[in-house]
Structure formats: C-alpha cells, structure tokens
Amino acid sequence: MSNKDEIEELRKEIEVLKEKIKELTKLHEEKIRYIDTGDVENTVSVIAESIIEGIRGEIEKSILIGPHGIYISRERKKIKTADFDEREVAKILDALANENRLKILKVLSTGGRYLKELQEELPDISAGTLSSHLNILQEAGLVVQEAIRGRYLITILGRTALKIVNKLAKLAKQLGEDHVET
Amino acid sequence: MWKLDKEVYRLNENKVFLDHPKCRLTVGENSILAKVFFNDHHVGYVVQGYVEFFVDTILETSEGAVGKPVRKTGHQTFIYLSKQPPEMNLSPTGDKEFWAKAYSLCEKFFKQNEYRLHKGHIVAFPVGDKFEILVLKNNKLVYISLSKIFVSKMDHGVLLENKRDARRVITSAGEKTILMEMKF
C-alpha cells in the first residue's frame, strides 16, 4: 500500500470515529435531558444503566484474555506486616485488660478528676485498689497526673485506646449474636 | 547591668517562691543564697539547697492530655528573678565558694539571655552549659528545657517535644487541636 493510500485510509477512520463521537455525544445529551425533565422512570433507568455499565466495566477489567484462554483475576490487597513494639503494646493491653481500669478510663474520658472524685464515682473500687489501678494506667501512658493540682487526666493514647475498645466491644457483640449456640 | 551582692545568706525558713496552678517552687530551710541586682534594683537570688520544683507541662486537648509534668526535687542550684523578689528570713554566712559559683552562673545566664525587668518570675536551672528556664507572668507560662518547649495561656497552649526519632508539636486552642510529628 502506498503512503497516499494509507493517508486516505486514516482519513476514513477519522471520519468514522468522528461519527461515533457525535453519536455518543447525542446519547449523552439525551440521558442528561431525561434527568433534567424530571422524568423519574427514565432517570432511574439512566442511573441503573450507568451502574450496570460500571459493574460490567469492573467485570471486564477482571477478565483477562491470555494466550491460554480466559481467566479471571482478582486483585488481592496486600496485608501490611504488623510493625509494633510487642512489649510496649503488651503493656497497654495489660493495662486495658481489667474491668475496673476500663471503668476508670470511661469516667476520665468525660474530664479530669481528683482522686476523691473518682472514689465517689466508683464506690465499688476501694481507695487502695483505685490508686494501684491509676498507677498501672499511668505507667502504660493512658493516664497522666498533674503535679500541682493532682487531677488525673486521660491522655491522647488513653482516649484512642478507649475508642478501640469501644469498637471491639461492638464487634464482639455483633459476632457474638451471629454465633449464638442453640 | 547585673551585679551579685558580696554577701551570702542562709535561709532560716522554708520558703515558697512560686505558687501557681501550673507551677510551684519551694526552697528548704538552710539553703544558701546570694542577692542579684540589675541596674541597682534587687531582682532576685541565686539559690542552692533543697528544692521542690513542679511544672505541669501538660496540654489538655479535645483529644486527650499530652505531655508530662516536670518534677525536680533534691539539692539544686538555680537563679530566681522577679521585679519584686520575696522577702525572707536570712542570716549572713561567709561562703566564698558558693559566691564564686553563683557569680559564674549569673555571668553565663546574662550572657545567654537578654533580661528586662518585668512583673513576672523567671526561674533558671543550669543544665550543662545551658539553662532550663521557666517564665511566669499572670496566666502566661513558658517553660523551655533541652527536650521540650511548653507555652500556656488559659486554655491555649503549645507543646513542642523532641522524641527519640521525631519532633512532636501539639497546639491546642479550646476545642481545636493540631498534632504534627516530624520524623528526623
């Protein structure tokens, strides 16, 4: 084929593509018009069509045609290797693994407290035990005590730990309901 | 221009130098001290003796508290400056060794820091060639040490801490908290 012929063929292809673009633009405008007119039925079908198109696109993406036929690929998310200091985390988890200490954190999450206030709000915990629990929470960095006024405050770490415990509790409840033995 | 009084005194009582919701400084009986003058005004002391010094460099943020209190207890030497230094029950004692130490400390402090008379209080503890400094004026508090800077005014505050592998900056203004960590 001569260069002249090749150019001619390319021109034709361009013309075909132009026509296709026109058709698609028209179709797109029509879809927009459906939405603008407030025609609920058409609007729903347009949305449904786009969703189906999207799903189809995703399916097509996951089907690859290789030299040995068709196979389905599924992208697996790489699980990041856990990167933490076991001793540090164990210290935090040890501090959290106690009913009374969780009660103390719950109270402190609503604001700083003096020892006396904590004793009043948590009468089930004896004064000596309360101090001992507070020491453990302080060592784990979940609580800090002011040097001057003496109030106990929940730290950023403490508040975050409490949020995680809260999520864990919700999850445990859900899973527990799913796995109730009859 | 600063001057150190030639006389060295012994403290005959326990004395509270600072008593504030965020910091407290008490000096024990029998501590020794020398008077510091600035432009011929008595502006403070160089003190050596049993000291209890606490600063709550804790920032209360909407996300929880951050920082730990500073606690210094035991035998310490420090400089205390104020426009109106506390009157104390003192008796003269001739301790030339302490006077030389106090003079050297003042020389270093006034060389490193520009001092102006103001109504607040300044406490400076020597740490190597530098000082850990507390400035307290009404409800404003600034504490500068080798590992942290803490600034507090009412419920606003900034804490800058040098950690093992990062520098952490926390600013808190009422309900707004910003935490930044820059890795070294």
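Contact is taken here to mean heavy atoms within 4.5 Å. In the predicted model, the contact between the two chains draws on 13 residues from chain A and 20 residues from chain B. The size of an interface is often given as the accessible area lost when the parts come together; for chain A and chain B this buried area is about 1300 Å², of which 58% falls on carbon and sulfur atoms. On the chain A side, A:Ala147, A:Ile148 and A:Ile156 lose the most area to chain B, and together they account for 50% of what that side buries.

Polar interactions also cross the interface, where five residue pairs are in polar contact, both residues being at pLDDT 80 or more, and where two salt bridges are counted between chain A and chain B. The side of chain A that touches chain B receives at least two residues each from E3, E4 and helix H7 (156-178) of chain A, with H7(A) giving the most, namely three residues. By residue class, this side of chain A divides into six nonpolar, two polar and five charged residues.

One of the residues engaged in these interactions is A:Arg151, which forms a salt bridge with B:Glu60, the closest N and O atoms being 2.6 Å apart. A:Arg151 is located in the loop that runs between strand E3 (143-145) and strand E4 (152-154) of chain A. With a relative accessible area of 12%, A:Arg151 is classed as buried, because this value lies under the 20% cut-off. Within chain A, the side chain of A:Arg151 also makes a polar contact of 2.9 Å with the side chain of A:Glu146. When neighbours within four places in sequence are left aside, the residues in contact with A:Arg151 include A:Gly112, A:Arg113, A:Tyr114 and A:Val144, in addition to A:Glu146 and B:Glu60.

Turning to the nonpolar interior, the largest nonpolar core comprises 29 residues, and those with the most contacts inside it are B:Leu25, B:Phe53, B:Phe78, B:Val123 and B:Leu134. Among the elements of chain B that each supply at least two residues of this core are strand E1 (2-11), strand E5 (41-55), strand E8 (70-82) and strand E10 (121-127), and E5(B) gives the most, with five residues. For B:Val123, the contacts beyond four places in sequence include B:Leu25, B:Phe53, B:Phe78 and B:Leu134, as well as B:Leu18 and B:Ile133. Apart from the largest core lies another, of 23 residues, among them B:Ile32, B:Val36, B:Leu105 and B:Phe110.

Definitions and conventions: Residues are numbered from 1 along each chain as its sequence is written. Chains are lettered from A and ligands numbered from 1 in the order in which they are written. This is a predicted model: local features need pLDDT of at least 70, side-chain atom pairs count only at pLDDT 80 or more; totals for chains, interfaces and linings use all residues. Side-chain values use heavy atoms; hydrogens and water are left out. Helices (H or I, at least four residues) and strands (E, at least two) are DSSP runs, numbered from the N terminus. Buried means under 20% relative accessible area, exposed over 50%, partly exposed in between (1.4 Å probe, protein chains only). A polar contact is a pair of N or O atoms within 3.5 Å; within protein, one must be able to donate a hydrogen and the other to accept it, and residues adjacent in sequence count only if both atoms are side-chain atoms. A nonpolar core is a set of buried Ala, Val, Leu, Ile, Met, Phe, Trp, Tyr and Cys residues joined through side-chain atoms within 4.5 Å. Buried area is the accessible area (1.4 Å probe) that two parts lose on being put together, summed over both. A salt bridge is a side-chain nitrogen of Lys or Arg within 4 Å of a carboxyl oxygen of Asp or Glu. Ala, Val, Leu, Ile, Met, Phe, Trp, Tyr, Cys and Pro count as nonpolar, Asp, Glu, Lys and Arg as charged, and the others, Gly among them, as polar.
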